[in-house]
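The following report describes a single protein structure for a reader who has not met it before. Please keep the sequence and the model in view while reading.

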Amino acid sequence: MDRRAGVAIAFGLAACGGASRGPQVLTRGALAYAVAVDATHLVSVELTEQFELVVRSWPDATPQRRVLLGPPEADVLGLALVPGGAPRAVVGGRDGWVLVLALDDGHEVARWPQGAAITALAAPADAVFIGDAGGVVCARTLVDGALRVCVDLGAPVASLRLDGAHLIATTPHDVVGLMLDDL
């Protein structure tokens, strides 16, 4: 689990507990591979016997739904929430496919091939940035899935983070800032 997921889990657990109740356990018997929080959702990719996208309300962490993502071999590592509009999550894993899922009912909105195992995702309101194990970062238009551009970083992408006008990509050896206007 990367640092962002650990921070999100710690933040989620602390915030769910409140000042008087203490921390709240969200689930037992599951491994959380990725966690994301927005104004109304706490979303996690969890592995029990299969990978699932678990959608909880935020800030009370009440479970709303589970969406099956695949068998344990799927290694679903990437998760991003799309801000604005209809609530959606973007997920991806070892199979090299990116899925856009509606949080309200769990249906698949879109599916795109990447060509290598997905290791990181970021999603501003109009695009999805996809990092993979081959060291490539691709940008797709969210509305129609059109592939805009791909950049080869030369090493597996460990994380993607939006920071103002930049997409920050980390690899095992480097941190790269990419201008969003160029993607």
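## Valine 91 and the nonpolar core

In this predicted model, valine 91 is in contact, meaning heavy atoms within 4.5 Å, with Val45, Leu53, Leu69, Val76, Gly78, Leu79, Trp97, Val98, Leu99, Leu101 and Leu121, leaving aside its neighbours within four places in sequence. Val91 is also among the residues with the most contacts inside the largest nonpolar core, together with Val45, Leu53, Leu79 and Leu103. That core has 18 residues. A nonpolar core is a set of buried Ala, Val, Leu, Ile, Met, Phe, Trp, Tyr and Cys residues joined through side-chain atoms within 4.5 Å. Buried means under 20% relative accessible area, exposed over 50%, and partly exposed in between, with a 1.4 Å probe and protein chains only.

At least two residues of this core come from each of β1 (31-37), β2 (41-47), β3 (51-57), β5, β6 and β7. Strands are DSSP runs (E, at least two residues), numbered from the N terminus.

## Basis of the description

Residues are numbered from 1 along each chain as its sequence is written. Local features need pLDDT of at least 70 and side-chain atom pairs count only at pLDDT 80 or more, while totals for chains, interfaces and linings use all residues; side-chain values use heavy atoms, with hydrogens and water left out.

## The four-stranded sheet

Strands of a sheet pair through backbone hydrogen bonds, either parallel or antiparallel. Here, two strands are taken to pair if DSSP finds at least two bridges between them. One open sheet has four strands in the order β5-β6-β7-β8, with antiparallel pairing. Its edges are β5 (76-82) and β8 (108-113), each with a single partner strand, so one side of each is left without a neighbour in the sheet. On average, neighbouring strands of this sheet are turned by 15° against each other, direction ignored; the axes are lines fitted to C-alpha atoms, and angles run from 0 to 180 degrees between N-to-C directions.

Within the sheet, β6 (residues 88-93) and β7 (residues 97-102) pair over five bridges in the antiparallel sense. Alanine 89 stands opposite leucine 101 in β7.

## The enclosed strand β10

Six of the six residues of β10 (residues 127-132) are buried, so this strand is largely enclosed by the rest of the structure. Ala127, Phe129 and Gly131 point one way from β10, and Val128, Ile130 and Asp132 point the other way.

Strand β9 (residues 118-122) runs antiparallel to β10 and is joined to it by four bridges. These two strands form a hairpin with four residues between them, and isoleucine 118 stands opposite aspartate 132. Five bridges join β10 to β11 (residues 136-141), again antiparallel, with alanine 127 opposite threonine 141. The hairpin of β10 and β11 has three residues between the strands, and glycine 135 takes a positive phi near 95° there.

## The disulfide

The structure holds one disulfide, a term for a pair of cysteine sulfur atoms within 2.5 Å. Cysteine 138 and cysteine 150 form this link, with their sulfur atoms 2.0 Å apart. The link is right-handed, with 105° about the S-S bond. Cysteine 138 lies in β11 and cysteine 150 in β12 (residues 147-152), so the pair ties together parts that are twelve residues apart in sequence.

Cysteine 138 is buried, at 4% relative accessible area, whereas cysteine 150 counts as partly exposed at 37% relative accessibility.
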